[in-house]
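Work through the exercises below with the model open beside you. Each task is followed by a stepwise solution.

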Amino acid sequence: MSAETSAAPGQFTHRRQQFRAWRGNRPFWAGLYVMLGGFPIMYFPYAHIKLGSLTVAMATTAGAGSLIIGVLLVVLGLTLWFQQHVRVFAGVAAILLALVSLPVSNFGGFIIGFLFALFGGAMAVAWAPSKPGRRKAAETATEDGDDAPGDALPETDHQVDEATDLSGTSPAYGANGRHSAG
């Protein structure tokens with residue numbers, strides 16, 4: 001096998017489509033922004049920036065607080081990627097940590113980290129998972145040449161199977177939609 005031989009044909013496309021599907025099922029960009037917000041908040045209090053022969057140290061007395069806030073933001077970003085069901089908690093926590101970073105960590109990592117964490121947290125709270133039926137119906141409608149994807153949604157009946165109804169409100173349980181108040 002020579003150095004010019006590429007990977008199997010279509011493998012890159014397959015991996016890209018796998019990543020795209022993985023990314024589409026979670027608040028990917030929100031997690032990325034929250035993580036990107038954590039890095040400047042962690043970095044600047046410990047950085048020694050050289051401007052020519054002048055060394056500028058950004059060390060503050062709250063350096064440990066900055067490190068904790070930055071690490072928590074990175075962990076929240078990873079949580080958004082791998083545990084998307086806690087997205088509202090992680091988003092609100094990221095927003096609160098971004099606000100706390102303003103007085104604690106050099107104006108929130110010189111506003112850069114603050115803005116990334118704030119926008120990422122807001123995106124996490126606003127993100128909603130797509131409904132699987134709608135996406136497939138929209139794809140088939142566009143393939144058929146139909147201009148209105150909303151017309152191609154599958155008709156669903158709203159009947160609940162009594163064998164799998166765990167709410168206790170089906171007539172089989174004698175509640176008839178009313179709950180006992182005690």
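## Confidence and ground rules

The mean pLDDT of the protein chain is 78, and 65% of its residues reach 70 or more. Here pLDDT is the predictor's confidence in each residue, from 0 to 100. Residues are numbered from 1 along each chain as its sequence is written, and side-chain values use heavy atoms, without hydrogens and water. This is a predicted model: local features need pLDDT of at least 70, side-chain atom pairs count only at pLDDT 80 or more, and totals for chains, interfaces and linings use all residues.

## Exercise 1. Fold and confidence

Task: list the order of the elements in the protein chain, then find where confidence is lowest and where it is highest.

Solution.
- Step 1. Count the elements. The protein chain has seven helices and two strands. Both are DSSP runs, numbered from the N terminus: helices are H or I with at least four residues, strands are E with at least two.
- Step 2. Write the order. From the N terminus it reads α-α-β-β-α-α-α-α-α.
- Step 3. Rank by confidence. Helix 7 (residues 132–144) is lowest, at a mean of 57, and helix 6 is highest, at 94.
- Step 4. Apply the caution. Where pLDDT is low, the predicted coordinates should not be read in detail.

## Exercise 2. Whole-chain numbers

Task: what percentage of the 182 residues of the protein chain count as buried?

Solution.
- Step 1. Fix the classes. Buried means under 20% relative accessible area, exposed over 50%, and partly exposed in between (1.4 Å probe, protein chains only).
- Step 2. Read the share. Of the 182 residues, 27% count as buried.
- Step 3. Add the surface. The chain exposes about 12400 Å², and carbon and sulfur atoms supply 63% of that area. Areas come from the Shrake-Rupley method with a 1.4 Å probe; for residues, only the protein chains shown count as cover.
- Step 4. Check contact range. Contact means heavy atoms within 4.5 Å. Among contacts between residues at least 6 apart in sequence, 63% join residues at least 24 apart.

## Exercise 3. The largest nonpolar core

Task: which elements give two or more residues to the largest nonpolar core?

Solution.
- Step 1. Define it. A nonpolar core is a set of buried Ala, Val, Leu, Ile, Met, Phe, Trp, Tyr and Cys residues joined through side-chain atoms within 4.5 Å.
- Step 2. Find the hubs. The largest core has 15 residues; those with the most contacts inside it are Val-34, Ile-69, Leu-73, Leu-76, Leu-80, Ala-94 and Leu-97.
- Step 3. Assign elements. Helix 2, helix 3 (63–82), helix 4 (87–104) and helix 6 each give two or more residues to this core. Helix 4 gives the most, with five residues.
- Step 4. Trace Leu-97. Beyond four places in sequence, Leu-97 is in contact with Ile-69, Leu-72, Leu-73 and Leu-76.
- Step 5. Note the second core. Apart from the largest core lies another, of five residues, among them Phe-28, Met-35, Met-42 and Trp-81.
- Step 6. Place it in context. In soluble globular proteins, nonpolar side chains tend to be buried together.

## Exercise 4. Two buried residues

Task: which residues does Ile-69 contact, leaving aside neighbours within four places in sequence? Do the same for Arg-87.

Solution.
- Step 1. Locate Ile-69. Ile-69 sits in helix 3. Ile-69 counts as buried because its relative accessible area is 6%.
- Step 2. List its partners. They are Ile-41, Leu-97, Val-100, Ser-101 and Val-104.
- Step 3. Add a distance. The C-alpha atoms of Ile-69 and Gly-38 are separated by 7.2 Å, and the two residues are 31 apart along the chain.
- Step 4. Turn to Arg-87. Arg-87 belongs to helix 4. Arg-87 is buried because its relative accessibility is 18%.
- Step 5. List the contacts of Arg-87. They are Pro-27, Leu-80, Ala-124, Val-125, Trp-127, Ala-128 and Pro-129.

## Exercise 5. A backbone outlier to inspect

Task: where is Ile-111, and is Ile-111 phi positive or negative?

Solution.
- Step 1. Locate. Ile-111 lies in the loop between helix 5 (106–110) and helix 6.
- Step 2. Read phi. Phi is positive, about 70°, although Ile-111 is not a glycine.
- Step 3. Classify. Ile-111 is partly exposed because its relative accessible area is 38%.
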